[in-house]
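Q: Could you take me through one part of this protein in close detail? I would like to see how the cysteines are joined and what surrounds them.

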Amino acid sequence: QVQLVESGGGSVQAGGSLRLSCTASRLTQNYSSYCMGWFRQAPGKEREEVAVVNNVGIIAYGDYVKGRFSIFRDNAKATVNLEMNNLKPDDTAMYYCAAAPPPGRCRFINEFNYWGRGTQVTVSS
């Protein structure tokens, strides 16, 4: 079973920054062939896409984080990071790392078959 482990969550004041990391293990295919994504879910809200990077490096961001967050993958280390800048209280959520195996093109959330347990991000005003 593919395992994804997130780290880097915590509490920060509005305007601050955090960097989340996700490490993949127990892979059955080359890490570089997976789409990797970050998603978040706040209490009472639907899970939403934060950022996705596919197997050839194409990146998509959610509307509310575009311009503030950056996703970066390191295929040699089997990791994907999410750099979050200018954080806002509305960014408070549980952040999840997810992986979509090939041949999926990761256009839809149901293509992400593997999920981490999440890391909490709390932004205070």
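A: Let's start at the sulfur atoms: those of Cys-22 and Cys-97 lie 2.1 Å apart, and the two residues form a disulfide. In general terms, such a link is a covalent bond between the sulfur atoms of two cysteines. The torsion about the S-S bond of Cys-22 and Cys-97 is about -75 degrees, so this disulfide is left-handed. Cys-22 belongs to strand 3 and Cys-97 to strand 9, so the bond ties together parts that are 75 residues apart in sequence. Please keep in mind that this is a predicted model.

Now look at the Cys-22 end. Its strand, strand 3, covers residues 18–25. With a relative accessible area of 1%, Cys-22 falls under the 20% cut-off and so counts as buried. Cys-97, at the other end of the bond, is buried too. Leaving aside residues up to four places away in sequence, Cys-22 touches a set of residues that includes Leu-4, Val-5 and Glu-6, then Met-36 and Trp-38, and also Ala-78, Thr-79, Val-80 and Asn-81, besides Cys-97 itself. Asn-81 is worth a click in your viewer: its C-alpha atom is 6.2 Å from that of Cys-22, although the two residues are 59 apart along the chain.

From Cys-97 we can move out into strand 9, which runs over residues 93–100 and has seven of its eight residues buried. Strand 9 pairs with strand 4 (residues 35–41) in the antiparallel sense, over seven bridges. Within that pairing, Tyr-96 of strand 9 stands opposite Phe-39. Strand 9 is also joined to strand 11 (residues 119–124) by three bridges, again antiparallel, and there Met-94 stands opposite Gln-120. Strand 10 (residues 114–115) is another antiparallel partner of strand 9, with two bridges; one place to see this is Ala-99, whose bridge partner in strand 10 is Tyr-114.

Strand 4 brings us to another pair of cysteines. Cys-35 and Cys-106 form a disulfide, with their sulfur atoms 2.1 Å apart. Cys-35 lies in strand 4 and Cys-106 in the loop between strand 9 and strand 10, so this bond ties together parts that are 71 residues apart in sequence. Its S-S torsion is about -60 degrees, so the disulfide of Cys-35 and Cys-106 is left-handed. Cys-35 is buried, with a relative accessible area of 1%, and Cys-106 counts as buried at 9%. A search of the whole structure finds two disulfides, and numbering the bonded cysteines in sequence order gives the pairing 1-3, 2-4.

Finally, step back to the whole protein. The protein has 11 strands and zero helices. Its radius of gyration is 14 Å, close to the 14 Å that the globule rule gives for 125 residues, so the protein is as compact as a globular protein of that length. Along its principal axes, the C-alpha trace spans about 45 × 25 × 25 Å. Of the 125 residues, 42% are buried. Among contacts between residues at least 6 apart in sequence, 57% join residues at least 24 apart. The accessible surface comes to about 6900 Å², and carbon and sulfur atoms account for 46% of this surface.

Technical notes. Residues are numbered from 1 along each chain as its sequence is written. This is a predicted model: local features need pLDDT of at least 70, side-chain atom pairs count only at pLDDT 80 or more; totals for chains, interfaces and linings use all residues. Side-chain values use heavy atoms; hydrogens and water are left out. Buried means under 20% relative accessible area, exposed over 50%, partly exposed in between (1.4 Å probe, protein chains only). Helices (H or I, at least four residues) and strands (E, at least two) are DSSP runs, numbered from the N terminus. Two strands pair if DSSP finds at least two bridges between them. Contact means heavy atoms within 4.5 Å. A disulfide is a pair of cysteine sulfur atoms within 2.5 Å. The radius of gyration is taken over C-alpha atoms; the globule rule is 2.2 Å times the number of residues to the power 0.38. Accessible areas come from the Shrake-Rupley method with a 1.4 Å probe; for residues, only the protein chains shown count as cover.
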